[in-house]
Amino acid sequence: MALTLYVDTARWRAHHKHVQEQFPGLVPVCKGNGYGFGHERLAEEATRLGSDVLAVGTTYEAARIKDFFGGDLLVLTPYRRGEEPVPLPDRVIRSVSSVDGVYGLVGARVVIEVMSSMKRHGISAQELPQLHAAIENIRLEGFAIHLPLDRTDGSDAVEEVIGWMDHLRAARLPLHTMFVSHLKAEELHRLQQQFPQTRFRARIGTRLWLGDHEATEYRGAVLDVTRVAKGDRFGYRQQRAASDGFLVVVAGGTSHGVGLEAPKALHGVMPRAKGVARAGLATVNRNLSPFVWGGKQRWFAEPPHMQVSILFVPSDAPEPKVGEELVAHLRHTTTQFDRIVDR
């Protein structure tokens, strides 16, 4: 009995090909938990796509993935002097976001990140002249810019990249390759037309692996079902049942990521009102689970356990049976499945 990730493999891979066609020179990204699929599986899919470069989050991820992917590995986390050394092959490319970092990677293959409106990390326009001497002792693979997802000020992503291309050109730095993130296909096409001598390579993770929501589905198996009457005590904290119904034990707990939720940016009155309502319910131990039964998301009977969750299903709903599976609306990037099934 398991928390299972079901994949409509043909549909999933058809989506990969569609994205690859939209973004020539695509660099797949495999970081964190492998977007819910795992590093080994995504390395296999990147190989299937014929990718020559796979982007990973950290040097530790590169050390794990190098045995599953034969092409180049681009580490997205910038190099910092004093970081723990990790033995890596020459086909690993390091990202750098400071002039000092460039000087610290003599002989290495390097992508230099410039500071975007994200303001996360990157070399500033004022620092570009200092790169002339620094890049003499590295193998420069190109520059990179990581753009924001939302542009609430109405600014244009293409114009931001063009601005940086102008800065780099004015500083007389090599412009053979620019790695970009969070551009639309038409935006990438506009840039490629304007700068035909530069190869633009889109680094894409979420849109590639998770862009077709209908291609994947999590399901948790029902392990036990116990009928309870209103007022019956149950669980670790011996709470009372609010009404007649069923306690349903389903595969999927905190070790799988059930009950974890990444913070969200809320825009508009309605989403904020819903957030306030959820917070209010949580103060009286009412938390909606990700598991669906009888067409509705069901409430946690108590906080999820390590490997299972206990749900409360009211008596007016169909009684779940042991061995049946409940669809679970889970975030791929915070979920760890027990098994993956291709179908």
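**Figure 1. The lining of the largest pocket divides into 13 nonpolar, 11 polar and 8 charged residues.** Welcome to this predicted model, where we start at the largest pocket. About 880 Å³ of space lies in this pocket. Its lining counts 32 residues, and nearest the pocket centre lie His146, Leu149, Ser181, His182 and Thr206. Strand S8, strand S9 (199-204) and helix H8 (206-210) are the elements that give two or more residues to the lining. Of the elements, S9 supplies the largest share, with 3 residues.

**Figure 2. Histidine 182 sits in the loop between strand S8 (177-181) and helix H7 (185-194).** You have met this residue already, as His182 is one of those nearest the centre of the largest pocket. Take a look at its backbone: histidine 182 is not a glycine, yet its phi is positive, about 65°. Is histidine 182 buried or exposed? The answer falls in between, because its relative accessible area is 35%, which makes histidine 182 partly exposed.

**Figure 3. Tyrosine 35 is another residue with a positive phi, about 55°, although it is not a glycine.** Where along the chain should you look for tyrosine 35? Tyrosine 35 is in the loop that runs between strand S2 (27-30) and helix H2 (39-48). This tyrosine counts as buried because its relative accessibility is 6%, and the cut-off for buried is under 20%.

**Figure 4. Helix H2 carries the buried residues His39, Arg41, Leu42, Ala43, Glu45 and Ala46.** What covers these buried residues of H2? Among the covering elements are helix H1 (9-22), strand S2, strand S3 (53-56), helix H3 (59-65), helix H8 and strand S18 (339-342). Two of these names should sound familiar: S2 stands at one end of the loop that holds tyrosine 35, and H8 gives residues to the lining of the largest pocket. After H2 comes glycine 50, with a positive phi near 80°.

**Figure 5. The largest cavity has a volume of about 40 Å³.** How many cavities of 30 Å³ or more are there? The count comes to 1. Lining the largest cavity are Glu113, Val114, Met115, Ser116, Met118, Lys119, Arg120, His121 and His146. Sorted by class, that lining has 3 nonpolar, 3 polar and 3 charged residues. If you are moving between views, use His146 as a guide: this histidine lines the cavity and is also among the residues nearest the centre of the largest pocket.

**Figure 6. Residues 8-153 carry the UniProt feature "domain: Alanine racemase N-terminal", taken from an unreviewed entry.** Over this stretch the chain is 27% helix and 21% strand. The C-alpha atoms at the ends of residues 8-153 are 39 Å apart.

**Figure 7. The whole protein, with 9 helices and 18 strands, gives the setting for the close-ups.** Along the principal axes, its C-alpha atoms fill a box of roughly 75 × 45 × 40 Å. The protein has 343 residues, and 47% of them are buried. Among contacts with a separation of 6 or more, 66% are accounted for by residues 24 or more positions apart. How much of the accessible surface belongs to carbon and sulfur atoms? Their part is 52% of about 17400 Å².

Definitions and conventions:
Residues numbered from 1 in each chain as written. Predicted model: local features only at pLDDT ≥ 70, side-chain atom pairs only at ≥ 80, totals over all residues. Heavy atoms only, no water. UniProt positions renumbered as here; feature names shortened; annotations may be inferred. Helix = DSSP H or I, 4+ residues; strand = E, 2+ residues; numbered from the N terminus. 1 Å grid on protein atoms, 1.4 Å probe; cavity = no way out; pocket = protein on both sides within 12 Å on 5 of 7 lines; lining within 4 Å. Points joined across faces, edges and corners; volume = space filled by probe spheres on them. Nonpolar A, V, L, I, M, F, W, Y, C, P; charged D, E, K, R; others polar. Buried < 20%, exposed > 50% of the residue type's maximum accessible area, 1.4 Å probe, protein only. Contact = heavy atoms within 4.5 Å. Areas by Shrake-Rupley, 256 points an atom, 1.4 Å probe, with all protein chains shown as cover.
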